[in-house]
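Trainee: Could we go through this model together? I would like to start with the charged residues and then move on to the rest.

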Amino acid sequence: MNVLKKLSVTIGDERVVMTFGHPDTEAELKEVFRLRHAVYAKYGYLNPDHFPEPTESDMYDANGQCVYFAAMIGDRAIGFVRLVRPPLPIHKAYTFETPKELDGIEVCELGRLVVDRYSDGVHTPRNIILLFLTLCLAEYCEQNGIHYAYAFLKKKLMGKLKTLGMPFTLITPFTHNYP
């Protein structure tokens, strides 16, 4: 992994080092896709019977238009978010009017945010993982001239991001195009 940040934490009764950065090997990518599948299956966002392997990826991953940010402990992914460059999945899933201030500007999309437990019954410090993934993402965006991104946010996550001081604007009206 291309390590951007490290953090030593105590989880349960064990001292571990979390690394945050870009997964850059086939094994690391497979591991983050495994994490996505596991979390989505656990919360009912996908039917595991529809996947021949316990990994979740889509055409945006296959097209190479994503930048990945992962939180890992050793070889195990415990957190993940991706940045997608145009064309964006959100334009397929939703219909809305692009805000005028974004006309002519490259806007990316943030998605597939997941955080998992360290092990059964032992939770990871989720807010710390979210904070460090956000920090890595913000530094990448600043270095690459990305100032705006779309994201579909659940209300609970929106509250956490407000607490962290993340600026965002709700786009309304919109139409949800999923079945």
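**Working through the model**

Mentor: Let us begin with Arg82, which counts as buried because its relative accessibility is 2%. Please keep in mind that this is a predicted model.

Trainee: Which side chain does Arg82 meet in a salt bridge?

Mentor: The partner is Asp61, with an N to O distance of 3.0 Å. Asp61 is buried as well, at 10% relative accessibility.

Trainee: And which elements do Arg82 and Asp61 lie in?

Mentor: Arg82 belongs to strand β4 and Asp61 to helix α2, so the salt bridge ties together parts that are 21 residues apart in sequence.

Trainee: Which residues are linked with Arg82 and Asp61 in a network of salt bridges?

Mentor: The network also includes Arg36, Glu56, Asp58 and Arg112. Within it, Asp58 and Arg112 form a salt bridge whose closest N and O atoms are 2.9 Å apart. Asp58 sits in the loop between α1 and α2, while Arg112 sits in strand β6, so this pair ties together parts 54 residues apart in sequence.

Trainee: Is Arg112 buried or partly exposed?

Mentor: Arg112 is partly exposed, with a relative accessibility of 25%.

Trainee: How many salt bridges does a search of the whole structure find?

Mentor: The search finds 12. One of them joins Lys30 and Glu53, with 3.7 Å between the closest N and O atoms. Lys30 is in helix α1 (residues 26-42) and Glu53 is in the loop between α1 and α2 (59-62), so the contact ties together parts 23 residues apart in sequence. Both residues are partly exposed: Lys30 has a relative accessibility of 48%, and Glu53 has a relative accessible area of 43%.

Trainee: Changing topic: how many disulfides are there?

Mentor: A search of the whole structure finds zero.

Trainee: Why is there no bond between Cys66 and Cys108?

Mentor: The closest cysteine sulfur to that of Cys66 is the one in Cys108, and it is 10 Å away, which is too far for a bond. Cys108 is in no disulfide either, as its nearest cysteine sulfur, in Cys141, is 6.6 Å away.

Trainee: Are Cys66 and Cys108 buried or exposed?

Mentor: Cys66 counts as buried at 13% relative accessibility, and Cys108 counts as buried at 0%.

Trainee: On to the interior, then. Which residues of the largest nonpolar core touch the most other members?

Mentor: They are Met18, Phe20, Phe69, Leu83 and Ile129, in a core of 24 residues. Two or more residues come from each of β1 (2-11), β2, β3 (66-73), β4 (76-84), β6 (108-115) and α4 (126-143). The largest share, seven residues, comes from α4. As a general point, nonpolar side chains tend to be buried together in soluble globular proteins.

Trainee: What is Phe69 in contact with, beyond its neighbours within four places in sequence?

Mentor: Its contacts include Gly21, His22 and Pro23, then Phe80, Val81 and Leu83, and further along Leu133, Cys136, Leu137 and Tyr140. Apart from the largest core lies another core, of 23 residues, among them Val32, Tyr40, Ala70 and Tyr150.

Trainee: What about Thr19? Where is Thr19 found?

Mentor: Thr19 is found in strand β2, residues 14-22. At 15% relative accessibility Thr19 counts as buried. Not counting residues up to four places away in sequence, Thr19 touches Met1, Val3, Lys5, Lys6, Ala70, Ala71 and Met72.

Trainee: And Leu102, where does that residue lie?

Mentor: Leu102 lies in the loop between β5 (94-96) and β6, and it is buried, with a relative accessible area of 10%. Beyond residues up to four places away in sequence, Leu102 touches Val107, Tyr148 and Tyr150.

Trainee: How many Å apart in space are Leu102 and Ile129?

Mentor: They are 30 Å apart, C-alpha to C-alpha, with their positions 27 residues apart in sequence terms.

Trainee: Last topic, the surface. Which residues form a nonpolar patch there?

Mentor: Leu131, Leu164, Met166 and Phe168 form one, with about 300 Å² of accessible area together. Phe168 is placed in the loop between α5 (155-163) and β8 (174-176), and it is partly exposed, with a relative accessible area of 31%.

Key: Residues are numbered from 1 along each chain as its sequence is written. This is a predicted model: local features need pLDDT of at least 70, side-chain atom pairs count only at pLDDT 80 or more; totals for chains, interfaces and linings use all residues. Side-chain values use heavy atoms; hydrogens and water are left out. Helices (H or I, at least four residues) and strands (E, at least two) are DSSP runs, numbered from the N terminus. Buried means under 20% relative accessible area, exposed over 50%, partly exposed in between (1.4 Å probe, protein chains only). Contact means heavy atoms within 4.5 Å. A nonpolar core is a set of buried Ala, Val, Leu, Ile, Met, Phe, Trp, Tyr and Cys residues joined through side-chain atoms within 4.5 Å. Patches are made of residues with over 30% relative accessible area and no salt bridge: like charges are joined within 9 Å, nonpolar side chains (Val, Leu, Ile, Met, Phe, Trp, Tyr) within 5 Å. Accessible areas come from the Shrake-Rupley method with a 1.4 Å probe; for residues, only the protein chains shown count as cover. A salt bridge is a side-chain nitrogen of Lys or Arg within 4 Å of a carboxyl oxygen of Asp or Glu. A disulfide is a pair of cysteine sulfur atoms within 2.5 Å.
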